Each structure stands twice: as C-alpha cells, then as structure tokens.
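Trainee: Please take me through this model step by step, giving me the cut-off behind each term as it comes up.

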Amino acid sequence: MAPAAKTSPEIETGGGVWRFPAGQPLRLDSGASLSPLEVAYKTYGHLNADKSNAVLVCHALTGDQHLASQHPVTGKPGWWDRVVGPSLALDPDRYFVICANVVGGCMGTTGPASIDPGTGEAYGLAFPVITIADMVRAQAMLVEALGIDTLFAVIGGSMGGMQVVQWAADYPEKLFSAVAIATAARHSAQNIAFHEVGRQAVMADPNWRGGAYLKAGVRPEKGLAVARMAAHITYVSEAALHRKFGRELQRDGLSWGFDADFQVESYLRHQGASFVDRFDANSYLYITRAMDYFDLAGPHGGVLANAFIKARKVKFCVLSFTSDWLYPTVENRAIVRALNAAGCRASFADIVSDKGHDAFLLDEPVFDQALRGFLAAQAQARGLS
Amino acid sequence: MTAVREDFAEILRLVRPGSRVLDVGCGGGELLELLTREKGADAQGLELSPENVSACLARGLAVVQGDGDRDLDHFPTRAFDYAILSKTLQQMRDPRHALSELLRIAEQAVVSVPNFGHWKMRLYLLGRGRMPETKALPDPWWSTPNIHLCTLRDFIDLADDLGLRIDACAALSNGKPARAMDPKGVLENWRAETGLFLLSRRAEPQPEATPRNLFGEVELPKAEGPKRTRKARK
C-alpha cells in the first residue's frame with residue numbers, strides 16, 4: 001500500500017474510550033440491552049464556556065472516530081480532514097467537534113468483536129442486532145456524559161446522515177442545527193439488495209465459522225474483501241469509474257486467464273484487500289443490517305413528516321449529489337419535503353458532481369461552500385464567534 | 001451597492017417586519033438578504049438553479065433547491081405570512097394552481113407579472129406583426145421562458161376566479177419607483193409595464209343552509225352555486 005500522501009495536522013484535543021458502568025446499559029430497539037457499553041471517540045477544539053459550540057459528526061458505514069486524526073491502522077489522514085481543520089468549515093478554533101465510533105463498530109466502541117462479559121469471549125453472533133436509533137442513543141449518552149445539553153450541529157453523510165435525521169426525530173430538543181448529506185430516510189430494496197450480497201460474501205467464506213472466527217484464530221478476509229469490492233462500486237459513479245480506468249490494462253496485452261487484467265479490477269482488489277486490515281467482518285454484518293432496518297417513517301405511522309414534528313426549531317440543511325445512485329437526489333429530496341411538510345426550516349442543494357456517492361468525502365468546492373455558508377449562518381444565529 | 005430594484009423596494013414596503021416569508025424563485029438571494037436584513041424576516045427561498053442555490057447557501061440564506069411547479073404542494077398550509085413570486089408566474093406550467101398554492105401556504109402573496117397588454121406590446125404586435133421583444137420581455141419567442149403570458153386584466157380575472165382579494169396593487173416600470181394603481185382602471189392595462197399585487201384569500205363564503213325537507217316526497221329546488229364573473233377555464 002502506498003504511504004499516505006499527507007498526514008493530518010495534530011488538531012486532536014481529546015478523546016478515548018468512555019466506559020458506561022453496568023448500571024447504565026444501552027437499551028436497544030430489539031428489546032435487548034448492552035452492558036457495559038464502551039464508546040470510543042475523538043474531539044477537536046474546545047468546548048466554550050456556555051457549551052454552545054459542540055458539533056457531533058456521525059460517520060458512515062466503514063468510517064470511524066478518526067475524523068481528522070491519522071488512522072492507527074492504515075496511517076492515512078482522517079477521513080474528513082477536508083472539512084475539519086484550521087480555516088475549514090469545521091474549524092476547531094470555533095467549534096468543539098466530537099466524532100464517536102458507532103455501536104456495533106470495531107474501532108473501540110462495543111461491537112461484535114468486543115468481549116461478552118457473560119462468556120469472557122468475543123460476542124460474535126451473540127451480539128444483539130442494532131439499529132441506527134441504537135447508534136444515536138449511544139451517541140446521546142456520550143454527549144450527555146461530556147456535559148453537553150445542546151449540540152450546535154449534528155452532521156453526517158451516508159449512514160451518518162441517517163443518524164442525523166434520527167437525532168432530529170429522537171432528540172430535537174438537543175439540536176440547534178442538523179446537516180444530512182447524501183443520505184436517505186429509509187433503505188430501498190436496491191440498498192438492501194447490495195448489502196445482502198456483501199453479507200452473503202462474508203458468510204460464504206469458510207473462515208467465517210458461523211461468526212466465531214476470532215475464537216478459531218482466523219478471519220473471513222476473502223469474503224469481506226469481496227463484500228467491500230461490490231460495495232465500493234456503489235460509492236462511485238459510472239462516469240468517475242470510466243474516467244479513472246476506462247478499459248486500461250494493467251500490463252501490455254491480455255493474460256488470457258483470470259488475473260487482474262484491467263486496472264479497474266486491480267483497483268477493486270486493492271480496495272478489498274486494504275479494507276480487511278481495518279474492519280471486522282461481523283461488524284460489517286451488523287452495521288449493514290442496521291442500515292437495512294432503517295426506515296425513519298416506520299415508527300411514525302409511515303409518514304416521514306411526523307418524525308420531524310417536534311424538530312421545528314432545528315435548522316436543517318440537506319445536501320445531495322447529482323451522480324449519487326446509492327442515495328440518490330430523490331431520497332434526499334424526500335427528507336426535505338417531509339421537513340417542509342412538518343413546518344421545519346430546511347435548506348437543500350443538489351450539488352452537481354460526477355463523483356458519485358463518495359463525493360462528500362472528495363474535493364467538491366461547491367459542496368464545501370454550501371456547508372461552510374450554512375454553518376457560518378447558524379453560528380451567527382447561535383452567537384458563536 | 002446599486003439601488004434596490006424597484007419591485008424589491010415595493011415588496012420591502014409591503015412586508016411586515018419579523019414575518020415569515022417564502023420567496024419562490026429567489027435567484028441568488030438578493031431579496032431574501034434584504035428581507036432578512038431590513039425587515040428581520042424569517043425568510044426562506046425556493047430556487048431551481050443549482051448555481052443560485054449554492055450562492056444562497058454560501059451567503060447563509062435558507063433555500064431549498066426545487067421547482068415552484070412541483071414543490072409548493074409539499075409545504076404545509078399557512079406555513080408563511082407571505083409568499084413572494086416575482087415575475088415568475090408566467091414561466092410556470094400551471095399558473096392557476098401555483099397561485100392557488102401560494103395562498104394556501106401563506107396568508108398573503110406578493111405576485112408581480114409582466115403586462116402583455118402594455119401599449120408597447122400592443123404596438124409592436126400591431127405594427128410589426130411579430131411577437132414583441134421589449135426591455136421587459138427581451139427574449140425571442142423560440143427561447144423565451146415565458147410560456148404563460150397575460151395582461152393585467154387577465155391576471156385580475158384569474159385572481160377573482162380563484163377567490164382572491166387584491167389588498168394592494170402597484171405599477172412598475174424599469175428604473176422608476178413603484179406607482180400605486182387602481183387594478184380596475186382601464187388605462188392601467190395599457191400603462192403598467194409590470195403589475196405587482198398583494199393578494200389574500202377572500203373570506204370563505206358561508207355555505208347556504210339547505211332547507212330541511214318538511215314535505216316528504218316533494219323535491220326542493222337546488223341551491224344555486226356562487227355566481228362567477230367568468231366561467232372557470234380548466
């Protein structure tokens with residue numbers, strides 16, 4: 001793997017693992033509860049005197065709390081160091097930025113690879129099925145533990161955006177503003193279908209061992225890599241993939257076999273191979289399941305607007321990308337229409353980009369401007385300097 | 001900064017301070033910014049062009065990228081005090097529906113329309129026999145976004161037909177301050193280049209009580225519907 005082109009400047013100001021005592025379990029949608037709960041997080045910047053400048057960033061499916069810090073496994077810069085940093089949209093001089101690994105994750109927050117206190121071994125499939133609302137509930141516990149009543153903003157893209165709208169539905173009184181990016185209020189049949197392919201790839205790997213691979217000292221790396229390869233295709237647009245690779249070959253001439261002849265094959269194999277170093281296969285199953293179960297309108301009588309009825313004081317911004325076919329514009333617009341119907345103030349922009357779903361992680365100046373403009377206006381309204 | 005556009009100045013004059021305003025077709029957000037700054041309004045925009053939406057967001061304005069033809073339906077009833085539609089009605093697919101929607105989602109609507117009955121238009125058409133191209137409507141027929149042009153009289157008839165009341169009305173000409181006008185004035189349909197209207201819904205007429213049938217089998221004459229000045233056209 002190529003060494004990271006650059007490393008994040010050291011702007012981290014805190015973090016670690018918050019251990020909630022056994023008396024403070026995480027109550028799950030499934031009816032089960034998780035205890036003890038540990039939440040791994042990072043912070044950037046400092047909480048101001050009136051505790052009005054806290055921003056929670058929610059990460060996507062395979063993201064983690066290393067928002068703007070070098071990743072301990074890959075050595076790569078933080079996944080959103082384009083947005084969080086000095087003079088950027090989320091400037092640590094102005095905001096206290098928090099990012100926590102989701103429950104079910106594998107970077108320090110309690111997940112299927114954590115030790116089950118009941119057995120003394122890794123949970124594996126004994127880990128309870130979790131939901132987006134469970135992730136948000138764990139975040140709310142952390143935010144409260146950090147002594148913060150109201151978040152200036154909750155921001156996230158993709159699965160992070162799902163958490164943002166869930167926050168708005170469950171804890172509107174704790175939010176001043178909310179930014180949901182390239183997301184949806186429910187998983188579509190196509191979304192579920194792609195996730196099912198990924199899960200089946202993991203479970204088809206003989207090393208998966210019914211989820212008990214850690215005990216056996218093996219890992220279903222091939223299955224997880226294939227899952228990642230399939231998923232990665234959904235994160236980029238056809239145009240971006242073609243621009244990057246076309247039909248270019250790795251070497252001169254065809255191999256007349258099944259080597260990675262095409263550059264796009266080699267690229268996907270690299271994506272798969274590097275992913276298994278940093279991600280737990282069971283976490284992948286649990287988190288994709290949480291996303292598939294996500295349907296914010298469901299518990300609100302099937303009417304999405306009802307989920308936002310209590311969020312009328314929250315200022316919303318929804319951003320989508322024209323070439324995102326994973327969570328397309330129409331899904332994002334559905335959130336905006338529901339917000340409007342609920343009487344919430346919402347801004348919405350469909351950013352012109354040919355980079356596909358991952359555009360929110362990439363260089364998109366118009367997106368940066370929109371996010372920066374929205375946050376600056378809200379900061380002014382909130383009286384932040 | 002240059003002088004405030006004459007229609008914006010008139011809108012600023014009409015809008016109560018601190019009110020909730022929806023600007024449909026808000027462009028780059030000039031009016032939204034004026035309303036926020038000068039009137040302390042809680043202003044939101046609806047805009048089709050992605051460039052304009054990004055510009056609005058970068059200026060810190062609340063704006064939804066959307067289409068006035070499709071997205072008005074998604075706003076709740078009486079969500080705003082004012083809905084503003086500046087020289088855009090003639091570009092909409094269904095102006096009748098749009099106008100009706102504006103007055104569902106807002107208490108009052110401020111609507112300005114270019115007057116196709118202006119003397120320059122009439123002379124142009126009469127003299128040259130071609131579709132008019134004027135300062136107010138500069139595009140040739142084959143590229144104009146104006147697909148539903150009307151005269152002031154046409155507009156007033158539509159408002160009347162929809163049960164709308166004209167609370168205020170002004171004539172606008174390029175570069176000149178707005179001039180109050182009598183919407184029924186015959187000359188205005190020649191003189192006003194653009195008409196700006198403050199509209200609200202007329203009080204709902206009380207439904208006529210249906211007389212109880214005290215006589216068994218005898219059929220009672222049906223109550224007539226409310227009289228209309230013109231037949232509604234679909």
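Mentor: Two residues are in contact if their C-beta atoms, placed from the backbone, lie within 7 Å. The model is predicted, so local features need pLDDT of at least 70 and side-chain atom pairs count only at pLDDT 80 or more, whereas totals for chains, interfaces and linings use all residues. Residues are numbered from 1 along each chain as its sequence is written, while chains are lettered from A and ligands numbered from 1 in the order in which they are written.

Trainee: What percentage of the contacts in chain A with a separation of 6 or more joins residues 24 or more positions apart?
Mentor: The count takes the contacts of chain A with a separation of 6 or more and asks which of them join residues 24 or more positions apart. In chain A that share is 72%.

Trainee: How does the radius of gyration of chain A stand against that of a compact globule, and what is its value?
Mentor: The radius of gyration is taken over C-alpha atoms, and the globule rule is 2.2 Å times the number of residues to the power 0.38. Along its principal axes the C-alpha trace of chain A spans about 65 × 50 × 45 Å. Because a compact globule with 385 residues would have a value near 21 Å, chain A agrees with the rule, its own value being 20 Å.

Trainee: How far apart are the centres of domain 1 and domain 2 of chain A?
Mentor: The bounds come from an automatic or database domain assignment, which for chain A gives domain 1 (12–186 + 296–382) and domain 2 (191–289). Contacts link 26 residues of domain 1 of chain A with 21 residues of domain 2 of chain A. Taken over C-alpha atoms, the separation of the two centres is 26 Å.

Trainee: Which helix gives the largest share of the largest nonpolar core?
Mentor: A residue is buried if 20 or more other C-beta atoms lie within 10 Å of its own, exposed if 12 or fewer, and partly exposed in between, with C-beta atoms placed from the backbone; a nonpolar core is a set of buried Ala, Val, Leu, Ile, Met, Phe, Trp, Tyr and Cys residues joined through C-beta atoms within 7 Å. The largest such core has 181 residues, and those with the most contacts inside it are A:V55, A:V97, A:A178 and B:A83. Helices (H or I, at least four residues) and strands (E, at least two) are DSSP runs numbered from the N terminus. The largest share of this core, 8 residues, comes from residues 365–382 of chain A, that is, from helix α11.

Trainee: Which strand of chain B is included in what covers the buried residues of α10(A)?
Mentor: Helix α10 of chain A (residues 329–341) has 13 residues and reaches 18 Å from its first C-alpha to its last, close to the 18 Å expected at 1.5 Å a residue, where the expected span is 1.5 Å times one less than the number of residues. Its buried residues include A:I335, A:V336 and A:L339. Their cover includes elements of chain A, among them α2 (159–170) and β8 (175–181), together with, from chain B, residues 62–65, which form β3.

Trainee: Which element of chain B gives the most to the side that touches chain A?
Mentor: Across this interface, 16 residues of chain B are in contact with 19 residues of chain A. On the chain B side, α3 (50–58) and β3 each supply at least two residues. The element that gives the most, with 5 residues, is α3(B).

Trainee: Is B:L35 buried or exposed?
Mentor: B:L35 lies in helix α2 (residues 30–39) of chain B. Leaving aside neighbours within four places in sequence, B:L35 is in contact with B:V15, B:V21, B:A41 and B:A43. Because 28 other C-beta atoms lie within 10 Å, B:L35 is buried.

Trainee: How far apart in space are B:Q108 and B:V15, C-alpha to C-alpha?
Mentor: B:Q108 has its place in strand β5 (residues 106–114) of chain B, and it counts as buried because it has 23 C-beta neighbours inside 10 Å. Not counting residues up to four places away in sequence, B:Q108 touches residues including B:D81, B:Y82 and B:D167. B:Q108 and B:V15 are 93 residues apart in sequence, and in space their C-alpha to C-alpha distance is 9.7 Å.
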